[in-house]
Each structure stands twice: as structure tokens, then as C-alpha cells.
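This report covers the ligand site, the cysteines and the domain layout of one protein model.

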Amino acid sequence: MPEHENRAHALLSASGSHRWMACTPSARLEECCENRTSDAAKEGTLAHELCEIKVAILRGEEVNESDYEKLLNDPMYTEEMGVCTNNYAEFCVETAKEENGLPIIEVELDLTAYIPEGFGTVDCVIVSEKTLHIIDFKYGQGVDVSPVENSQLMIYALGAYDLYSSFYDFENVKLTIVQPRLSAEPKTWECSIQDLLDFGERLKPVAALAFKGGGEFAPSEHTCLFCKAKYTCRARADKNLSTMFLQEKDPYTLSNDEIGEILAKVADFPKWIKDLEDYALEQLLAGNEIKGYKAVEGRSSRVWSDEKKAFETIIKDGTEEKDLYETVPLSLAKIEKLLGKKKFASLVGGYVTKSQGKPTLTLSSDIRPSIQDVKSMFTEEGEN
Ligand code: SF4
């Protein structure tokens, strides 16, 4: 099994499917862009490698101890990563027991029946008599990923169905996202095999078009977020710049409808500007020119070069050690983690109150009820 970071990547990857299915020319445009690895991506790779080894340990398989040690000693390893990867491994093994199935990890899939030159690796598949269960681990905490009609997981499910359907009589598919840094509980969505196969039929022509680089660019806050072409893509720039030339209608004020339309149009704007700034700085530092701009040293703050020696010197000089530290209480979430959920609830649950969330603007498609709807629900109940 190749190490996670050295794996080959398909042009039309399952993980990028939400992008190339919406913006079909994006995959070919990305080919011209340089690969950038971020710390978040490296952390994700390390966490996935730990997940793989921990599921194997829980299944009682022999693992290479020195490989495991190497991962635990990686400078990016943290206690939080240890807890998250334990949770994932326990979830996979326990769910497999409940479903009378086997957790098969890091399954390589042939996706060519749906996607030209398509292949991929799914974190975990549980196969049981009637159910095909796909489990995907996400260590990132930037975007809360939903399993509902998740194209990445549905593509994995199509590949896994092709692989195992001659041995099992599947009736339904479960798709689970384990994203422990954002959600304490894994999130699962279920559909029938027929729904999955219907998705596969819809996928085929889109994938064929994307493979050729055809179709229309579809810039949006979501499609461009992780696109490698997002810094220099002209379609994204055109879309964002077009919002600056609004038609003058009512002479002095905007209507509420217009404000809604503008907010929807400019959703990607702040991120686009930040991407342009990051790209321009990178270009300048690489010795290239950006018209009208230069890179300078920003504000810096002082840090100890040797904190231990500095503190020893201060204490020797007469300052008491206790005066050099402050005691800060742990957050409620950290104390809950320390005690465990049950003990926390029975011991101090009565001292916890939940304040009302600050009103936040979101799209009407958001599944949370609006504050006005909740208010009118209570008013109606009171009237009855
Ligand atoms: S940046 Fe956005 S519009 Fe441009 S190719 Fe990528 S996803 Fe499509």
C-alpha cells in the first residue's frame, strides 16, 4: 500500500467531484496549476495514516511497530489527533460489529465505469448482507461536511458496489462522515441502491464532459474554495468584478430584495481578494513582479529565545516563581472531555446553561429554522 502522500491522483478525483461536477472545465484548468501542500493537508495525511493503523490494531491485526512509532513521533502529531483517530477507529470497528460486517480499510476502487480514468481509495467500507456502508474520515475543521447526497462518498459507493455486489445482495447504502473536530457524533445518510445507481447514470455524462474540459465555468463560494486554479481563474475574477457594476435602479436606496441578491452575488468576494493577496505575495517572494506592489517585513513580536534560562535568571534575581505564571480555568468542553460525558452530566450538568446564539445571517436554504419561525411557533403554542 503506497504511503498516503505518495498516492497517485486521478484527474477527476472523488474528493474534488463537488467542484468538477458543478464547474466542468475546472479539472483541466487545475492541471496547469502548481501543487501546493499546506500544513492542514500534511496534518490530514498523518491523521489518515494513524486511522488506518488504529483500525488494524483494533481488529487484532499485526502492525509494524516502528511505522506506528514514527507516526506518533511526527512533529505534527498532537493529543487531539490521537483522540480523533481513536474515535474513528472505534466507530469503524463497533459499527461493523453492529452491522454484522467487516471493516475493510483503505480500499482501492476502480471508478472507470463512471469516470474516465477514474480511481480512488476509500477510508473504510463495511460490507454486510444487505448494506454497503462507506465511511470517510475528515480531519479538517474549515468546512463542516454533510453526508447527504455527498458526491465524493456516492462515487466511492459506486466503486465499492462494483467491487462487492457479486458477493452480496445489497439493498441500501449508508454514507458516513466522521469529522471529530467539528462534530462529536459521526453523521450518516442512507439511500437505496437504486438511488445510488441513478446518481451513477447522472454522473457519467458530467464526468465525460469534465474529462474533456468542456462545459461552462461556474464560479461560486463553494466551487472555488479548494480549486487549484482559484488564484488566477479569469471566470472567478469576472464573476466577482461584475458584482461591482450594479445597475442603478431606484435612485437612492436599495430594496431588501436587492440586498439579498447582492449578498448572494458577493459571497465569494472576500475570499477571492484574500486569495489574490496571498498569490501576489507568493509571486513577489519568488522574485516575480506584481504591478504596483512590493513585499515588506510586517510587524513582529518578541519571544524568548530560551524561556527556561530567562525564567531561572528572573527567579535568581528575587521574583517568586508563582508570579511568573497565571492559572486559567479549562474551557467547559475540555473539562467534559477530561471527565467523560456521563460523569460531567451527573456531576456538574446542573451548573451548565446555554446562552442564546447571536443572530447570524445565512442563506434561506440553511436547514436551521429562522428566528422568526421559532418565535411564531412559540406564540402559536401559547395561543392554543
Ligand atoms: S476557480 Fe472556480 S470558476 Fe475557476 S475553475 Fe476553479 S472552480 Fe471553476
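In the count that follows, Ala, Val, Leu, Ile, Met, Phe, Trp, Tyr, Cys and Pro are taken as nonpolar, Asp, Glu, Lys and Arg as charged, and the others, Gly among them, as polar. The model is predicted.

**Ligand site.** The ligand takes up the space of the largest cavity. Two elements, α2 (26–31) and α8 (221–224), give two or more residues each to the shell around the ligand. This shell is made up of Arg-19, Cys-23, Ser-26, Leu-29, Phe-217, Pro-219, Thr-223, Cys-224, Cys-227, Lys-230 and Cys-233. Sorted by class, seven of the shell residues are nonpolar, two are polar and two are charged.

**Cysteines.** Zero disulfides are found in a search of the whole structure. The cut-off for such a bond is 2.5 Å between cysteine sulfur atoms. For Cys-92, the closest cysteine sulfur belongs to Cys-124 and lies 3.8 Å away, so the pair is too far apart for a bond. Burial is a separate matter, and the table gives it for two cysteines.

| Residue | Relative accessible area | Class |
|---|---|---|
| Cys-92 | 0% | buried |
| Cys-233 | 13% | buried |

Both values count as buried because the limit is under 20% relative accessible area. Cys-233 is also one of the residues that surround the ligand.

**Domains.** The domain assignment divides the protein into domain 1 (4–212), domain 2 (243–285) and domain 3 (307–349). Between domain 2 and domain 3, the C-alpha centres are 44 Å apart.

Note on methods: Residues are numbered from 1 along each chain as its sequence is written. This is a predicted model: local features need pLDDT of at least 70, side-chain atom pairs count only at pLDDT 80 or more; totals for chains, interfaces and linings use all residues. Side-chain values use heavy atoms; hydrogens and water are left out. A residue is near a molecule or strand if one of its heavy atoms lies within 4 Å of it. On a 1 Å grid over the protein atoms alone, a cavity is a set of points where a 1.4 Å probe fits but cannot get out, and a pocket is an open set with protein on both sides within 12 Å along at least five of seven lines; lining residues have an atom within 4 Å of a point. A molecule sits in a cavity or pocket if more than half of its atoms lie within 2 Å of its grid points. Helices (H or I, at least four residues) and strands (E, at least two) are DSSP runs, numbered from the N terminus. Buried means under 20% relative accessible area, exposed over 50%, partly exposed in between (1.4 Å probe, protein chains only). Domain bounds come from an automatic or database domain assignment.
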